[in-house]
Amino acid sequence: MSSRAAQPATPLSLPPLTATSVAPPATRSIIYLGLDVHKDSITIAVLPEAAKTPTRLDRLPNDLPKLKRWLDRLAKEGELQACYEASGAGYVLHRALREWGYACDVIAPSLIPMRPGVQRKHDKRDAADLARFYRAGELVVVRIPSEAEERVRDVVRCRETFQREILKSRHYILKFLARRGFVFREGTNWCTPHLRWLQHLTTDGSPLAPHDRLVYREYHALLLYKLQRREELDRQIEQLALLPTLAPMVRRLQCFRGISLHSAMVLATEIVDWRRFDHPRKLACYLGLISREDSSGTRTRLGSITKAGNSHCRHVLVQAAWSYRHRPATSVDLKRRQAGQPPAVITHAWKAQQRLHQRFNHLSYRKRPQIAVVAVARELIGFLWAVLRDVPATPAAEVQAA
């Protein structure tokens with residue numbers, strides 16, 4: 001046995017335990033896409049966030065499955081953010097891209113920056129400009145309605161189409177009869193005696209020649225058909241106005257003079273969410289009711305209204321503004337429409353009558369009535385916005401269920 005004393009075993013020294021730091025995942029680069037959409041084709045400009053010019057300009061057929069395969073291949077290179085102009089193409093492409101998981105915005109075409117020195121325009125240039133302005137944040141995104149909101153809006157727009165068609169048919173009838181020497185002299189056109197006179201011209205005892213009678217009967221039958229279809233649409237719109245998603249707005253709008261059920265439905269279905277405008281001046285700009293301006297230095301020059309916004313609402317508001325040329329009063333029909341509404345809304349509508357009537361009289365002394373009524377319509381927007389800004393927007397799920 002060894003004489004050396006036994007030494008205790010030296011423990012194995014281990015490095016101190018430290019928490020391993022996990023490197024954050026690398027951020028994917030953003031690829032901006034400008035889409036110039038047509039019925040048969042889509043021109044796409046691919047602009048990475050670090051590139052000065054588009055790296056690709058491809059033209060694809062307007063076919064959703066082929067477009068999805070093309071986007072899936074491109075998405076391997078970075079995160080896609082696409083945009084295209086609002087047009088007759090609608091929102092089908094926007095909803096498809098959202099469903100596929102890609103970000104997409106629809107751009108207001110009237111607010112896209114224009115360069116006066118550029119005198120060439122084609123699909124590739126439009127797509128490249130969209131991608132470049134979109135990356136710079138200089139484009140204005142429009143509100144996308146839900147599918148249910150869009151369907152109700154199209155019903156109201158269909159009624160407006162029939163209204164224009166009825167006016168055309170009336171012109172057909174009056175101009176045809178005038179060419180044959182038949183003019184109604186016993187009152188105004190389209191009053192009850194005039195309608196009876198028009199109906200008499202369709203009978204066998206009509207003074208029209210046989211061939212003229214054949215043509216006139218077709219024009220008259222076409223007018224009657226359009227009137228019948230408009231009445232059916234009016235009944236459908238009355239039912240849609242009772243939906244919980246529209247009823248609060250429609251009832252408040254009808255408290256104002258000159259805004260009937262149909263006019264209220266146009267404003268409710270086109271604007272939908274009044275709270276997205278934090279000031280009535282922005283709403284007037286959206287409707288194209290603000291003046292053009294060409295000012296420089298000490299010179300200030302204002303022109304006519306821009307007409308760059310929603311033409312449906314603008315037409316309804318101008319027509320409603322004509323009623324404020326009369327003295328303030330509450331008719332039987334207006335009392336019926338105001339029944340059950342908050343007193344604050346009714347009081348506000350009465351203030352609008354007094355203010356707008358005074359405004360119309362003041363302006364009509366210096367300017368033409370057509371100019372005065374546009375100014376009244378612009379101020380009417382402020383009164384409407386004041387009573388509707390507290391109406392909450394209905395979630396898309398509830399609109400779909402309704």
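Let's start with R252 in this predicted model. Leaving aside neighbours within four places in sequence, R252 is in contact with Q341, P342, V345, V387, L388, D390 and V391. That list holds one acidic residue, D390, alongside valines at 345, 387 and 391. R252 sits in helix α7, and its relative accessible area is 17%. Since the cut-off for buried is under 20%, this arginine counts as buried because its 17% falls below that mark.

Step one residue along the chain and you reach L253, which looks towards another set of partners. Not counting residues up to four places away in sequence, L253 touches I259, A264, L267, A268, W274, L384 and L388. L388 is thus on the contact list of L253 and on that of R252 as well.

L253 also takes us into the largest nonpolar core, which has 52 residues. Together with F256, M265, L267, W274, L317 and L384, L253 is among those with the most contacts inside this core. Which elements give two or more residues to it? They are α4 (147–179), α6 (210–240), α7 (247–253), α8 (261–271), α10 (311–321), α12 (343–364) and α13 (369–388). The biggest giver is α13, with 13 residues. Apart from this core lies another one, of 22 residues, with I31, L33, L67 and L93 among them.

Now for a couple of backbone oddities. V272 has a phi near 65 degrees, a positive value in a residue other than glycine. You'll find V272 in the loop between α8 and α9 (280–286), and at 17% relative accessibility it counts as buried. W190 also has a positive phi, about 70 degrees, although it is not a glycine. W190 belongs to the loop between α4 and α5 (192–200).

Zoom out, and the secondary structure comes to 14 helices and seven strands. How does the overall spread look? The radius of gyration is 32 Å, whereas a compact globule of 402 residues would have one near 21 Å. Along the principal axes, the C-alpha atoms fill a box of roughly 145 × 55 × 55 Å. Buried residues make up 38% of the 402. Of the contacts with a separation of 6 or more, 61% come from residues 24 or more positions apart.

Finally, the surface and the charges. The accessible surface is about 24500 Å², and 54% of it belongs to carbon and sulfur atoms. There are 64 positive and 38 negative side chains, with the centres of the two sets 6 Å apart.

Technical notes. Residues are numbered from 1 along each chain as its sequence is written. This is a predicted model: local features need pLDDT of at least 70, side-chain atom pairs count only at pLDDT 80 or more; totals for chains, interfaces and linings use all residues. Side-chain values use heavy atoms; hydrogens and water are left out. A nonpolar core is a set of buried Ala, Val, Leu, Ile, Met, Phe, Trp, Tyr and Cys residues joined through side-chain atoms within 4.5 Å. Buried means under 20% relative accessible area, exposed over 50%, partly exposed in between (1.4 Å probe, protein chains only). Helices (H or I, at least four residues) and strands (E, at least two) are DSSP runs, numbered from the N terminus. Contact means heavy atoms within 4.5 Å. The radius of gyration is taken over C-alpha atoms; the globule rule is 2.2 Å times the number of residues to the power 0.38. Accessible areas come from the Shrake-Rupley method with a 1.4 Å probe; for residues, only the protein chains shown count as cover. Lys and Arg count as positive and Asp and Glu as negative; His and the chain ends are not counted. The place of a charge is taken as NZ of Lys, CZ of Arg, CG of Asp or CD of Glu.
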